[in-house]
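Good morning, and thank you for the opportunity to speak. I shall present one structure and go through selected parts of it in turn.

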Amino acid sequence: MEIPVDKHVAFHDLALRWLPDVTRFAHSLTRNESDAEDLVQETYLRAWRHWDSFRVGSEARAWLFTIARNAWRKRAPRDARLVAVEDDTLQALADEHFPLGAPNDVLQRLSDADLRPAIHQAIAALPEAFREVVELVELQELPYAEAAAVLEIPVGTVRSRLFRARRLLQTSLLEYARDAGLAPVHAEKESSQ
Amino acid sequence: MITDTDRKTPDMPSLDCGAAVRMLWDYLDGNLDSVNEAEVRAHVTRCSHCFPHANFGQIVIDAMAQVRNTPDNEATVRAGVLSRLRAEGYEGS
């Protein structure tokens with residue numbers, strides 16, 4: 001993309017174009033529409049004030065996510081936001097016993113179902129450390145390295161948190177399947193690894 | 001989902017379950033090189049434990065792809081942001 005010389009045009013072209021993504025990221029942090037709107041406003045205000053420090057050519061979206069996350073961390077008391085998570089290695093996570101509990105007919109029903117409400121709910125219920133990784137990598141489709149930079153964690157931690165988050169989402173979807181009558185209540189005993 | 005047709009691949013040397021599970025998400029994300037991708041595919045299509053795990057993983061990935069959408073309140077948010085920015089001297093649209 002050609003970089004506009006005018007600051008206002010550059011801000012419009014490089015920063016405001018990501019407003020839908022920043023809004024969704026803000027919502028994933030706040031889980032509240034009104035707070036998300038406030039956070040987006042604050043994010044863009046900070047971005048505008050510090051636009052001269054933005055390195056043109058770098059990833060504006062990741063920069064905005066970083067501003068939003070820092071603003072949220074300042075605003076929300078840390079103890080209220082964070083549930084401590086253990087960052088196990090990918091190998092340790094893969095070696096964990098993970099009861100699948102979904103025979104093929106249940107998987108087929110899940111595959112055919114509209115899972116959007118269930119997955120929204122499941123993502124919202126994730127601990128913040130996992131939710132923000134899912135938001136950045138799965139929903140915003142940031143490369144692992146960019147997500148790691150926004151979250152200020154190693155790439156390996158992004159990968160292990162995503163691994164655990166996806167398993168938590170699978171567990172939630174199985175609960176949804178049982179609640180929706182797509183799976184028998186005893187399904188968790190039928191398959192395990 | 002992985003189909004039964006996929007499962008009828010010829011026998012070939014394969015990974016053990018632990019290695020397959022470690023690489024499963026990268027396999028489903030399409031992040032493996034061709035050699036590992038072939039090995040994981042060969043394993044999950046033949047392994048009765050890993051086959052449903054792979055299918056379930058794909059379901060989760062597909063479900064998340066369905067919720068990658070634009071926020072409903074984008075116009076409201078944009079109006080609020082522009083209002084704040086203009087108060088700080090921003091002159092763009």
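Let me begin with A:Glu141, which counts as exposed, at 52% relative accessibility. Please bear in mind throughout that this is a predicted model. A:Glu141 sits in the loop between helix 9 and helix 10 (144–151) of chain A. Its phi is near 55°, a positive value in a residue other than glycine.

A second residue deserves mention here. A:Arg31 is not a glycine, and yet it has a positive phi of about 55°. It belongs to the loop between helix 2 and helix 3 of chain A, and this backbone value comes just after helix 2. Is A:Arg31 buried, partly exposed or exposed? With a relative accessible area of 46%, A:Arg31 is partly exposed, because the exposed class begins only over 50%.

That brings me to helix 2 of chain A itself, which covers residues 19–30. This helix has 12 residues, and the distance from its first C-alpha to its last is 16 Å, close to the 16 Å expected at 1.5 Å a residue. Of those 12 residues, 11 are buried, so helix 2 of chain A is largely enclosed by the rest of the structure. Among the buried ones are A:Leu19, A:Pro20, A:Val22, A:Phe25 and A:Leu29; A:Asp21 and A:Arg24 are also buried.

Which elements do these buried residues pack against? In chain A, the partners are helix 1 (7–15), helix 3 (33–49), helix 4 (60–75) and helix 9 (128–139). Chain B contributes as well, through its helix 5 (74–87).

Helix 2 of chain A appears again at the largest pocket. The space in that pocket comes to about 490 Å³. Its lining consists of 18 residues, and those nearest the centre are A:Arg24, A:His27, A:Ser28, A:His120 and B:Asn69. Which helix gives the most to this lining? The answer is helix 2 of chain A, with 4 residues. Helix 2, helix 8 (116–124) and helix 9 of chain A each supply at least two residues of the lining.

I turn now to the nonpolar interior. The largest nonpolar core has 89 residues, and A:Phe11, A:Leu16, A:Tyr44 and B:Leu85 are those with the most contacts inside it. Helix 4 of chain A provides the largest share of this core, namely 9 residues. Where does the core lie with respect to the domains of chain A? Domain 1 (7–81) and domain 2 (90–189) both give residues to the core, so it lies between them.

A:Leu16 illustrates the surroundings of one such residue. Leaving aside neighbours within four places in sequence, A:Leu16 is in contact with A:Phe11 and A:Tyr44. From chain B, the contacts of A:Leu16 are B:Arg78, B:Val81, B:Leu82, B:Leu85, B:Tyr90 and B:Ser93.

Finally, I come to chain B. It has 5 helices and 0 strands, and its elements therefore read α-α-α-α-α from the N terminus on. Of its 93 residues, 44% are buried. Among contacts in chain B between residues at least 6 apart in sequence, 66% join residues at least 24 apart.

Within this chain, helix 4 (residues 50–66) has 17 residues, which should span 24 Å at 1.5 Å a residue; its end C-alpha atoms are 24 Å apart, which agrees. Because 13 of the 17 residues are buried, helix 4 of chain B is largely enclosed by the rest of the structure.

Thank you for your attention.

Definitions and conventions
Residues numbered from 1 in each chain as written. Chains lettered and ligands numbered in written order. Predicted model: local features only at pLDDT ≥ 70, side-chain atom pairs only at ≥ 80, totals over all residues. Heavy atoms only, no water. Expected span 1.5 Å × (residues − 1). Buried < 20%, exposed > 50% of the residue type's maximum accessible area, 1.4 Å probe, protein only. Contact = heavy atoms within 4.5 Å. Core = buried A, V, L, I, M, F, W, Y, C linked by side-chain atoms within 4.5 Å. Domains from an automatic or database assignment. 1 Å grid on protein atoms, 1.4 Å probe; cavity = no way out; pocket = protein on both sides within 12 Å on 5 of 7 lines; lining within 4 Å. Points joined across faces, edges and corners; volume = space filled by probe spheres on them.
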